[in-house]
Amino acid sequence: MLMNSKKIIQVEHLKYEYPQSNQHLALNDLSVEINAGEWVAIIGHNGSGKSTFAKSLNGLLDLQNGSIVIDGLPLAMETVWEIRKKIGMVFQNPDNQFVGATVEDDVAFGLENQGIERAIMQTRVTDAIERVGMTDYTKREPSRLSGGQKQRVALAGIIAQQPEILILDEATSMLDPEGRREVLETIHQLKQETNMTVLSITHDIDEAASADRIIILDDGQVVDQGTPAEIFAYGQRLMALGLDVPYPEKLKAALTTLAVPMPSEYLTTERMVDYLWTLHSKM
Amino acid sequence: MPGDSILHRMDPRAKLVASFYYIGIIFLARSWPAYAVLFVFTMSLVLISKIKLDFFIKGVRPLLWLILFTVLLQIFFTRGGHIYWQWGFLTLTRYGLLNGAYIFMRFVLIIFMSTLLTLTTPPLSLADAIESLLKPLKAIRFPVYEVALMLSIALRFVPTLMDETTKIMNAQRARGVDFGEGGLFKQMKAIVPILIPLFVSSFNRADDLATAMEARGYQGGEGRSKYRILKWQTMDSLAMVAMAILTVILIVLR
């Protein structure tokens, strides 16, 4: 984890109340700091305020109380468009964020909004489409793409805009396992190439497991945060918060009760398999 | 219809303007030689497009009853010239027959020409052409960019909403709704449980789309650049010249 790097997202005492919600606060005095280049996963059950938080960051929801500073720029009426240039956001429904009539048109949409010159636009669009591995589909209409492909196009649209922060608002939750894998792979690869700050709002525990840090939200507040290994070790407590524990963790807990020696850190499925088959190996 | 003829590659603006103009000047023709010229002109365009004649004939079929009705009306109710046959208020005259034949030709030519336009031009290009042609209206504060974006989004969502309709219909069938059965009233009633969910989900989609567009920095049409551009080529100017020549020929032959 990058410890002394600059803070790219600073949120202090954020409160948000939806109209007609009977004074129930969707965000209740939320304070979060995220470093540049960090990958943070925000997990929490439905209604925990995670999507509200994501939408507050780029001013899609009005700031009611508290302060948000993105890359040194405080969020306000005058700065909201500048901030939206710094944040790329992928939403849940692959169909409902596809604006263009073809793949290339959709990738170009954000650039058109910024009034970028056509020559620059063309190179950036071609490059972005190549990065997500959709070059063969440049002229395709969205109706002829799978959900995973549409989400990759959405990612390309963001890459073309070259923002500093990528927010995934449950971007993989409507995809089949294959599509989810494709999209996550693309994000991993992007993260490596660009060192963007990634903020993923997710239900998917495997997606959260790839993060540097996990923040658990409940009732609009940060309940806990830590590395994936630290968080997944909570087991029962996670389930009490309505969250699922990754399968290797459940297995680990079950084996521990049977007095099988187990390591304390988080193991992915593969590493768990490796651990198990070498458990009694003396080599 | 994908293809690679000269017509496919023409600027959609040229095609749009030329097609509408052509439909206008068809009404200049009032003699057989004029119709012969128009017929040859249209048929050569069909040949150039390399699209099978079947597609054009299919275009005529849905309008067959309208054409028949109009032609018969012309034949039986136009008076003048030699009377061939008479029965009560129905008369069959020379002018009647002639007018009927002209109307029939007009219909066929107009349908062929508009089919040619839609078969050689993708809907999105047509939307671009409309945007470009409407640009002068910006002077009277007509929201040209917004209308064009609405048009292209509407086109983009047609297949999505069709999928959705199929899904809803299947869901309703699974609950025992019978489509296409019973009287007219019953059939109309069966459509309600399709329309309402479709309406609700369209609004949800629109809401999501607006949020996504805003997140990507959409602030209205002003200050936007264009990714797709239209190119006016020599071919397009030539098409305009051809239209002018055709007009002169029709005026001479009328």
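The questions and answers below look at a predicted model of two chains, A and B.

User: Before we start, what should I know about numbering and confidence in this model?
Analyst: Happy to help: residues are numbered from 1 along each chain as its sequence is written, while chains are lettered from A and ligands numbered from 1 in the order in which they are written. As this is a predicted model, totals for chains, interfaces and linings use all residues, side-chain atom pairs count only at pLDDT 80 or more, and local features need pLDDT of at least 70.

User: How many helices and strands does chain A have?
Analyst: Helices (H or I, at least four residues) and strands (E, at least two) are DSSP runs, numbered from the N terminus. On that basis, chain A comes to eleven helices and ten strands.

User: Is chain A compact or spread out for its length, and what is its radius of gyration?
Analyst: The radius of gyration is taken over C-alpha atoms, and the globule rule is 2.2 Å times the number of residues to the power 0.38. For the 283 residues of chain A the rule gives 19 Å, and the model's value is close to that, so chain A is as compact as a globular protein of that length, with a radius of gyration of 20 Å.

User: And chain B, what is its radius of gyration?
Analyst: Chain B has ten helices and two strands. The globule rule gives 18 Å for its 254 residues, and the model is well over that, so chain B is more spread out than a compact globule, at 24 Å.

User: What percentage of chain B counts as buried?
Analyst: A residue is buried if 20 or more other C-beta atoms lie within 10 Å of its own, exposed if 12 or fewer, and partly exposed in between, with C-beta atoms placed from the backbone. In chain A, 45% of the 283 residues count as buried. For the 254 residues of chain B, the figure is 18%.

User: Which strands stand at the edges of the open four-stranded sheet in chain A?
Analyst: Two strands pair if DSSP finds at least two bridges between them. The order in this open sheet is E2-E1-E4-E5, with antiparallel pairing. Each edge strand has a single partner, so one side of it is left without a neighbour in the sheet; the edges are E2(A) and E5(A).

User: Which residue is the bridge partner of Gln10(A) in E4(A)?
Analyst: Strand E1 (residues 7-17) and strand E4 (residues 65-70) of chain A pair in the antiparallel sense over five bridges. Within E4(A), the partner of Gln10(A) is Val69(A).

User: Which helices of chain B do the buried residues of H2(B) pack against?
Analyst: H2(B) covers residues 12-25, and its buried residues include Pro12(B), Lys15(B) and Tyr22(B). Contact here means that the C-beta atoms of two residues, placed from the backbone, lie within 7 Å. The packing partners are H6, H7 and H10 of chain B.

User: Which residues does Thr121(B) contact, leaving aside neighbours within four places in sequence?
Analyst: Thr121(B) is found in the loop between H6 and H7 of chain B. It is buried, with 21 other C-beta atoms within 10 Å. Its contacts are Pro12(B), Lys15(B) and Leu126(B).

User: Which helix gives the most to the side of chain A that touches chain B?
Analyst: Here 28 residues of chain A are in contact with 26 residues of chain B. H2, H3 and H4 of chain A each supply at least two residues of that side of chain A. With six residues, the one giving the most is H3(A).

Methods
Expected span 1.5 Å × (residues − 1).
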